[in-house]
Amino acid sequence: MSSSTMKAVGVAEYGPIVNLQTREVPKPSKPTGRKLLVQVKAISINPIDMKVRGGVYDDPPDYYERVKSLLEEPPNFHIIGYDGAGVVLETGPDVKYFKPGDEVFYLANPAGQGTYAEEAIVDERHAGHKPKSLDFVQAAAMPLTYATAYESLVDRLEIKEGEKAAILIINGGGGMGSIASQIARNILKLPIVITTASRPETADFSRQMGATHVVNHRQDIVQQIRDLDLPADTPLKYAYITSRTEQYLFPIAEVLAPFGKICSLVQAQFDMYGSQMMSKSLAFIWCWLGTGAYHYYVNDKQEKHHDWYEGLDEMIESGKIKCHLTQRHRLTAEGIRQVHRTLEEGKAIGKNALGVDEPGLGEIFA
């Protein structure tokens, strides 16, 4: 491989897992503005990766129109992936927070080339210094889930620290739910955090991540929550949907307290008519972490994601946040395909991440 090219994993055509392939592609251009050029040491894989690869990602309805040049222009290849960790190789002229040699973790541009590559371009406003107590693989598991959960609970639901209220989190054993549970319980200090899980192992994991109560989402959620007999002075005021919005909206509206708030990060077609949404004056709120970058929104606090990532080091050191990584893999194309299969089968607990220094067979990114 020449010095001007690198190995990357992605697709030349959107579709099934077998479409994921390794290619030798040009290395990223010299970083401009507030961009970093990063040598990738680890990545993690999220449901969004699976949807983008499959050609079904629909959070922004114009997503594939926005990224069509990745397949239509050389190298005619869409590098998948959003989460990563690595070492800064070079910085753009306007970079404020990083220098070459810094160890970082980061989130890639929602409409650009991704992290499944030996090198990646990253905006410093979506990066932080790698927490000292985490290795690269652990750090790569954190960016998307931590920032999304934090934005959902703090910015969108506007939960106040120490508020005497309860929250219901759908799918507490998943990557997003397991981080949201910790933020709710350990940072916002909510007294009651109810999560859903359907298997003994996911229920146990959810409790380890901060849940005070776990209910089975394959059974009657409404009755199970009513049976908890929550204290009258601690209303179930908030709900956070991380799976199948259309399936959970009606039961959530049944159990949520009047004037409560629901936040979802899962796109869906659904109708509120016939639910208790209006009679209880419930608020429904979307959260998509890419909103500011995707829509070039400059009035938002542009540095907030960087600030959250920088603050994560203290949260981990103090024990308020635990890394939710449960599976480590060698960073090969087959390793990436295997994690995509695990996600598609609904078998993941917490996060899966892959690193260049993990043991195993196969050449890195090949």
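Buried, in what follows, means under 20% relative accessible area, exposed means over 50%, and partly exposed is whatever falls in between (1.4 Å probe, protein chains only). The model is a predicted one, so local features need pLDDT of at least 70 and side-chain atom pairs count only at pLDDT 80 or more, while totals for chains, interfaces and linings use all residues. Residues are numbered from 1 along each chain as its sequence is written, and side-chain values use heavy atoms, with hydrogens and water left out.

Taken as a whole, the protein carries 12 helices and 16 strands; these are DSSP runs numbered from the N terminus (helices H or I, at least four residues; strands E, at least two). The C-alpha trace spans about 65 × 40 × 40 Å along its principal axes. A compact globule of 366 residues would have a radius of gyration near 21 Å, and the protein, at 20 Å, agrees with that. The radius here is taken over C-alpha atoms, and the globule rule is 2.2 Å times the number of residues to the power 0.38. Of the 366 residues, 57% are buried.

Contacts (heavy atoms within 4.5 Å) lean towards the long-range kind: among those with a separation of 6 or more, 72% are between residues 24 or more positions apart. The protein exposes about 15,700 Å², with carbon and sulfur atoms supplying 50% of it; areas come from the Shrake-Rupley method with a 1.4 Å probe, and for residues only the protein chains shown count as cover.

Two buried loop residues share a neighbour in D83. N46 sits in the loop between β3 (35-45) and α1 (47-54) and is buried, at 3% relative accessibility. The side chain of N46 makes a polar contact with the side chain of D83 at 2.9 Å. A polar contact is a pair of N or O atoms within 3.5 Å; within protein, one must be able to donate a hydrogen and the other to accept it, and residues adjacent in sequence count only if both atoms are side-chain atoms. Setting aside residues up to four places away in sequence, N46 also touches L144, T145, L343 and K351.

T115, the other of the pair, lies in the loop between β6 (103-107) and β7 (119-123) and has a relative accessible area of 0%, so it is buried too. A polar atom of the T115 side chain comes 3.3 Å from the backbone nitrogen of Y82. Beyond four places in sequence, the contacts of T115 include V40, I43, I79, I80, G81 and Y106.

L144 and T145, both touched by N46, are among the buried residues of helix α5. This helix covers residues 143-156, and 11 of its 14 residues are buried, so it is largely enclosed by the rest of the structure. Just after α5, E158 takes a positive phi of about 60 degrees.

Some further backbone oddities turn up in loops. P74 and P75 are joined by a cis peptide bond, with omega about 10 degrees, and P75 belongs to the loop between α3 (68-72) and β4 (78-79). N76 is in the loop between α3 and β4 as well; it has a positive phi of about 55 degrees despite not being a glycine, and at 31% relative accessibility it counts as partly exposed. S281, another residue other than glycine, has a positive phi near 55 degrees. S281 is placed in the loop between β13 (261-264) and β14 (283-286) and, at 42% relative accessibility, is partly exposed.
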